[in-house]
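Here's a quick briefing to get you started. Have a look at the structure first, then read on.

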Amino acid sequence: MAIAWMNAQALRYLTLHCAATPEGRDDKAGAVTAWDKAKFGQPSYHWVIELDGTAVRTLRDDQRGAHTGGANTGNIGICYVGGVDKAGRPKDTRTPAQLATMERLVREYRARFPRLIVRGHRDWSPDRDRDGKIEPHEWLKACPCFDVAAWLRGIGL
Ligand SMILES: [Zn+2]
């Protein structure tokens, strides 16, 4: 299957994800990409952040990802390994190394694309009650299992 191209100069969004793998299990980017290829016929994300903070580039910025249903054009996807506890419940399992790498990547993209909108996968859920906020009862899934807006405020972005 061919990966669709997109204009990397027209990036509008950056969406953060988790791999929904159990806390502490050291799955590598190659494994995450293999699961995505089996499911979507291509890598889903532009970057996968492993437990030790290693950022692995899995798509170029001018290749369209497969990470946010119906909204992949102009949308960079970054996924951290983890995201559920050992019982499979949603949990922010980002290690200090993953946090540092995620912050560095988001800062780099924001520096290149100052108007980039950064959000979590769950923030793309439909606003069913139309109050202008995407609330927990509206989330289609919990991914990335943390509040992206609060995290960005916390790091001054
Ligand atoms: Zn996701």
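β3 (47–49) and β4 (55–57) pair up in the antiparallel sense, over three bridges. Here strands (E, at least two residues) and helices (H or I, at least four) are DSSP runs numbered from the N terminus, and two strands pair if DSSP finds at least two bridges between them. This is a predicted model: local features need pLDDT of at least 70, side-chain atom pairs count only at pLDDT 80 or more, and totals for chains, interfaces and linings use all residues. Residues are numbered from 1 along each chain as its sequence is written, and side-chain values use heavy atoms, with hydrogens and water left out.

**The sheet**
- Five strands make an open, mixed sheet, in the order β4-β3-β5-β1-β7.
- β4 and β7 sit at the edges, each pairing on one side only.
- Across from Val48 you'll find Val56 in β4.

**The core**
- The largest nonpolar core (buried Ala, Val, Leu, Ile, Met, Phe, Trp, Tyr and Cys residues joined through side-chain atoms within 4.5 Å; buried means under 20% relative accessible area, with a 1.4 Å probe and protein chains only) has 24 residues.
- Leu14, Ile78 and Tyr109 are among the members that touch the most others.
- α2 (96–112) gives the most to this core, with four residues.
- Apart from it lies another core of eight residues, including Val32 and Val48.

**Tyr109 and Ala142**
- Beyond its neighbours within four places in sequence, Tyr109 is in contact (heavy atoms within 4.5 Å) with residues including Trp47, Arg57 and Asp61.
- Ala142 is in the loop between β7 and α3.
- The C-alpha atoms of Ala142 and Val84 are 9.6 Å apart, with their positions 58 residues apart along the chain.

Definitions and conventions
Buried means under 20% relative accessible area, exposed over 50%, partly exposed in between (1.4 Å probe, protein chains only).
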